[in-house]
Amino acid sequence: MAKHRAQRGNLFVISGPSGTGKGTICKEILNICDLKLSVSMTTRNPREGEQNGRDYFFVTKEQFEENIANGNLLEYANVYGNMYGTPKDAVIRQLERGKNVLLEIDVQGALKVKKAMDEAILIFLLPPSMEILRERLSGRGTDSEEAIERRSQEALNEIRLLGEYDYYVVNDDLTEAVSEVSAIILAEGRKVPDKVKPIIREYE
Ligand code: 5GP
């Protein structure tokens with residue numbers, strides 16, 4: 001049975017330390033689950049191939065601050081020196097239309113979302129081990145030894161916040177991790193809602 005029209009969508013937040021494969025997993029999940037990805041706002045410069053409005057809304061620091069002042073952001077955080085935030089209205093609108101929404105944001109942001117919207121379902125992606133995380137971080141070939149050590153320490157600090165989350169998935173094998181995340185999304189969508197009358201009425 002499809003989700004009933006009157007039913008509010010679920011808000012999923014996927015986060016985890018850098019190097020856990022968040023981006024890759026989210027891409028796969030969007031292909032197989034009925035979810036809308038929230039497009040964040042950022043002050044960082046676009047990377048090659050990134051499009052404004054698709055990958056991010058790229059804005060100046062002044063524009064970002066204006067959005068904070070106007071209460072347009074559900075949460076925001078400074079990640080490695082750049083500001084990132086989740087536009088609030090778009091998320092609320094989709095949820096009210098009964099659509100599931102996915103946020104791929106950092107750990108500080110995820111905890112702020114949970115505070116603002118208790119209904120949010122937080123999924124933490126873990127690396128198989130710290131050793132493997134370090135290997136993955138150095139495998140990118142873009143960071144210095146020092147930067148890798150710093151990111152590993154930051155990762156450990158984030159992992160220590162796991163208790164605030166609802167689910168965790170270890171990304172050892174990508175296919176398995178994707179199927180675990182999609183199982184969580186499906187199961188959450190099949191929870192019996194508070195208001196069951198609209199569903200029952202379809203059978204009367
Ligand atoms: P990148 O610059 O590599 O695209 O993203 C850097 C980090 O920022 C990632 O950990 C990503 O999950 C996080 N991020 C992206 N959008 C948001 C957002 O709207 N809010 C927060 N708090 N973090 C975000």
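In this predicted model, Ser15 stands opposite Phe124 in strand β8. Strands β1 and β8 pair in the parallel sense over four bridges. They belong to an open sheet of five parallel strands, in the order β2-β7-β1-β8-β9. The points below cover the sheet, the strand β1, and the helices α4, α7 and α3.

**The sheet**

- Strands β2 (35–37) and β9 (167–170) stand at the edges of the sheet, and each has a single partner strand, so one side of each is left without a neighbour in the sheet.
- From one strand to the next, the twist averages 25°.
- Strand β2 is joined by three bridges to β7 (residues 100–104), and the two run parallel.
- Within this pairing, Leu37 stands opposite Leu102 in β7.

**Strand β1**

- Strand β1 also pairs with β7, in the parallel sense and over four bridges.
- Leu11 of β1 stands opposite Val101 in β7.
- Five of the five residues of β1 are buried, so the strand is mostly covered, where buried means under 20% relative accessible area.
- The cover applies to both faces of β1: Leu11, Val13 and Ser15 are buried on one side, and Phe12 and Ile14 are buried on the other.

**Helices on the sheet**

- Helix α4 (residues 107–116) lies across three strands, namely β1 (11–15), β7 and β8 (121–126).
- The direction of α4 is at about 155° to that of β1.
- Helix α7 (residues 174–189) packs on the sheet and touches β1, β2, β8 and β9.
- The direction of α7 makes about 160° with that of β9.

**Helix α3**

- In helix α3 (residues 88–96), the buried residues are Val91, Gln94 and Leu95.
- Seen down the axis of α3, these buried residues fall within an arc of 100°, so they line one face of the helix.
- Asp89 and Glu96, on the other side of α3, are exposed.
- The buried residues of α3 are covered by elements that include β1, β2, β5 (73–79), β6 (82–87) and β7.
- Gly98, just after α3, takes a positive phi of about 90°.

Key. Residues are numbered from 1 along each chain as its sequence is written. This is a predicted model: local features need pLDDT of at least 70, side-chain atom pairs count only at pLDDT 80 or more; totals for chains, interfaces and linings use all residues. Side-chain values use heavy atoms; hydrogens and water are left out. Two strands pair if DSSP finds at least two bridges between them. Axes are lines fitted to C-alpha atoms, for helices over the stretch in contact, and angles run from 0 to 180 degrees between N-to-C directions. Contact means heavy atoms within 4.5 Å. Buried means under 20% relative accessible area, exposed over 50%, partly exposed in between (1.4 Å probe, protein chains only). The arc is that of the directions from the helix axis to the C-beta atoms.
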